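Reader: I would like a close look at a single part of this model, taken slowly and with the reasoning spelled out.

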Amino acid sequence: MRTPLGPVVKFPSSARRVPQIATPLMPTLGAAFAIFAALTLASEAGYLRAAEELVSDEAAAASRLAWAATSPRVQSEPIHAALLDYLQTTRAREWEAAAAASGDDPATAHAIGRLERSVRAEAARPEVGTPTGTELVVSLDGVTSSRRARVAAASRDVPALYVVTLVVSGLALIVNSGALVFRSSLRTSLLIVGVAGVVGLSLALLFALSAPWSGPFIVSGHPLDAIIGDLKSGFFDGGA
C-alpha cells in the first residue's frame, strides 16, 4: 500500500541563486563596514580626547587668573569670588545638552560679565601697576578664550553623510548575512543576530562618542571642579 506523497515545493531558481551571489559580497561588505566604523570611531575618540584637553586648558587658565589675583597690591577677594561664581555657574548651567553648544545661558553670561568687570577694575587701579594689571587682563583673556573654544567644540556634529554611509553599509552587511543563512538551521541563523549586534553596538558607540556634552560620555569637569575646590578652601590665598 502506497502512501500518497504531498506536493513537492520547488523554490524558484532565483531564490537558489541568492546564496551564490551573497557569498562573494560578504568580504567586501564586511571590509567596507569595518573600515568606515574604524575610521569614524577613531576620529570621534580623538575628538573626545581633544574636548577633555580643552577643559584642562580652561582650568589652567582659571588657575593662572586666581594666582595673578594674589599679586601684591591686588585685592584678590572680588576676583576670586567672581571666578568661583563663574566656574560654578558654568558647571551647573553650561555643561550639558543644548546650553553647552549655544553658550547663551543668561546666568553664565552674567557671571562672565561680573568676572570681566572685577578683573578689569582691579587692573585699572594705579597702585596695581602696569605689569600686574597686564597679567590680570591676559589671564582673564585666557579664561574667556578657553570658554569660547569649549563652546565651539560642543557645537560640532558628525557629518550627516558620514553617518548615512556607515548606517547603509551596516544594513547591507546584515541583509547579505541574512541571505546567506536563508533556509538554514536555527543555529546557523543565529549568525545574523551576531552580525546585527556588532553593527548596532558600533553605531551606538559612534553616537555616544560624537556627543561629549550631550551623550552617555559627558566630558569630565573634574579639572574645573578642582579649581572650585581650591577657591573655596583658600588655597590661592595660602590658606590651605
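What span should the 18 residues of α2 have at 1.5 Å a residue, and how far apart are its end C-alpha atoms?

Author: This is a predicted model, and helix α2 covers residues 76-93. At 1.5 Å a residue, the 18 residues of α2 should span 26 Å, the expected span being 1.5 Å times one less than the number of residues; the end C-alpha atoms of α2 are 25 Å apart, which agrees with that expectation.

Turning to the surroundings of this helix, α2 packs with helix α5, which is made up of residues 130-154. Their axes lie 13 Å apart and form an angle of about 5 degrees, and because angles under 35 degrees count as roughly parallel, α2 is described as roughly parallel to α5. On the α2 side the contact is made by Ile79, Tyr86 and Thr90, while α5 contributes Leu136, Val143, Arg147 and Arg150. Sorted by character, the residues of this contact comprise four that are nonpolar, one that is polar and two that are charged.

The burial of α2 can be read alongside that contact. The buried residues of the helix are Ser76, Ile79, His80, Ala82, Leu83, Leu84, Tyr86, Leu87, Thr89 and Thr90, a list that includes Ile79, Tyr86 and Thr90, the α2 residues that make the contact with α5.

Methods
Residues are numbered from 1 along each chain as its sequence is written. This is a predicted model: local features need pLDDT of at least 70, side-chain atom pairs count only at pLDDT 80 or more; totals for chains, interfaces and linings use all residues. Side-chain values use heavy atoms; hydrogens and water are left out. Axes are lines fitted to C-alpha atoms, for helices over the stretch in contact, and angles run from 0 to 180 degrees between N-to-C directions. Helices (H or I, at least four residues) and strands (E, at least two) are DSSP runs, numbered from the N terminus. Angles under 35 degrees count as roughly parallel, over 145 as roughly antiparallel, 65 to 115 as roughly perpendicular and the rest as oblique. Contact means heavy atoms within 4.5 Å. Ala, Val, Leu, Ile, Met, Phe, Trp, Tyr, Cys and Pro count as nonpolar, Asp, Glu, Lys and Arg as charged, and the others, Gly among them, as polar. Buried means under 20% relative accessible area, exposed over 50%, partly exposed in between (1.4 Å probe, protein chains only).
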